[in-house]
Amino acid sequence: GSYEYKFRLKDISTNNPETMQDYSKNNIWSWDTSGYSGQFLISVWVRNTGSKSDWEAYHQIPFQIDAA
């Protein structure tokens, strides 16, 4: 089947999630980390194209950026 991908970023210190790329067929998201520091969770949500579900599969990756 064909899939749609959504990428979200959550700043652990503020517990504030932000959609970085809404659902699209693009399965790659590029993040310019300039100006960011701290701990984050990067999430990718996946669903079948045309699905009304928020997600059908997802994966989270912890990520840390240390200030220079």
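Two residues are in contact when heavy atoms of theirs lie within 4.5 Å. The exercises below concern a predicted model of a protein.

**Exercise 1. Describe the surroundings of R47 and state whether R47 is buried or exposed.**

Solution.
1. Locate the residue: R47 belongs to strand β3.
2. List the contacts. With neighbours within four places in sequence left aside, R47 is in contact with S2, Y3, E4, Y23, K52, S53, W55 and E56.
3. Examine the polar partners. The side chains of R47 and E4 are joined by a polar contact of 2.7 Å. A polar atom of the R47 side chain also lies 2.8 Å from the backbone oxygen of S53.
4. Classify the residue. The relative accessible area of R47 is 15%, and the cut-off for buried is under 20%. R47 is therefore buried.

**Exercise 2. Determine which secondary structure elements the protein has and in what order they run.**

Solution.
1. Count the elements: the protein has 0 helices and 4 strands.
2. Read them from the N terminus on, which gives the order β-β-β-β.
3. Add the overall dimensions. The C-alpha trace spans about 45 × 20 × 15 Å along its principal axes.
4. Consider the contacts with a separation of 6 or more: residues 24 or more positions apart account for 44% of them.

**Exercise 3. Identify the residues of the largest nonpolar core and the strands that supply at least two of them.**

Solution.
1. Begin with the general tendency: in soluble globular proteins, nonpolar side chains tend to be buried together.
2. Name the members. The largest nonpolar core has 9 residues, namely Y5, F7, L9, W29, W31, F40, I42, V46 and I65.
3. Assign them to strands: β1 (3-11) and β3 each supply at least two residues of this core.
4. Look at one member, F7. Not counting residues up to four places away in sequence, F7 touches E18, T19, M20, Q21, N26, N27, I28, W29, S43 and V44.
5. Set the core within the whole: buried residues make up 28% of the 68 residues in the protein.

**Exercise 4. For S30, T33 and G35, state where each lies and classify its exposure.**

Solution.
1. Place S30 in the loop between β2 and β3. T33 lies in the loop between β2 (16-24) and β3 (38-48), and G35 is likewise in the loop between β2 and β3.
2. Apply the cut-off for exposed, which is over 50%. S30 has 67% relative accessibility and therefore counts as exposed. G35, at 87%, also counts as exposed.
3. Treat T33 in turn: its relative accessible area is 32%, so T33 is partly exposed.
4. Relate these residues to others by C-alpha distance. S30 and F7 are 23 residues apart along the chain and separated by 9.9 Å. T33 and I65 are 32 residues apart in sequence and 8.1 Å apart in space. G35 and K25 are 10 residues apart in sequence and 28 Å apart in space.

**Exercise 5. Find where N15 lies and examine its phi value.**

Solution.
1. Locate N15 in the loop between β1 and β2.
2. Recall the general expectation: most residues other than glycine have a negative phi.
3. Compare the value. Phi of N15 is near 55 degrees, a positive value in a residue other than glycine.

**Exercise 6. Summarise the charged side chains and the exposed area of the protein.**

Solution.
1. Count the charges: there are 6 positive and 8 negative side chains.
2. Compare their positions: the centres of the two sets lie 9 Å apart.
3. State the surface. The protein exposes about 4800 Å², of which carbon and sulfur atoms supply 47%.

Key:
Residues are numbered from 1 along each chain as its sequence is written. This is a predicted model: local features need pLDDT of at least 70, side-chain atom pairs count only at pLDDT 80 or more; totals for chains, interfaces and linings use all residues. Side-chain values use heavy atoms; hydrogens and water are left out. Buried means under 20% relative accessible area, exposed over 50%, partly exposed in between (1.4 Å probe, protein chains only). Accessible areas come from the Shrake-Rupley method with a 1.4 Å probe; for residues, only the protein chains shown count as cover. Lys and Arg count as positive and Asp and Glu as negative; His and the chain ends are not counted. The place of a charge is taken as NZ of Lys, CZ of Arg, CG of Asp or CD of Glu. A nonpolar core is a set of buried Ala, Val, Leu, Ile, Met, Phe, Trp, Tyr and Cys residues joined through side-chain atoms within 4.5 Å. A polar contact is a pair of N or O atoms within 3.5 Å; within protein, one must be able to donate a hydrogen and the other to accept it, and residues adjacent in sequence count only if both atoms are side-chain atoms.
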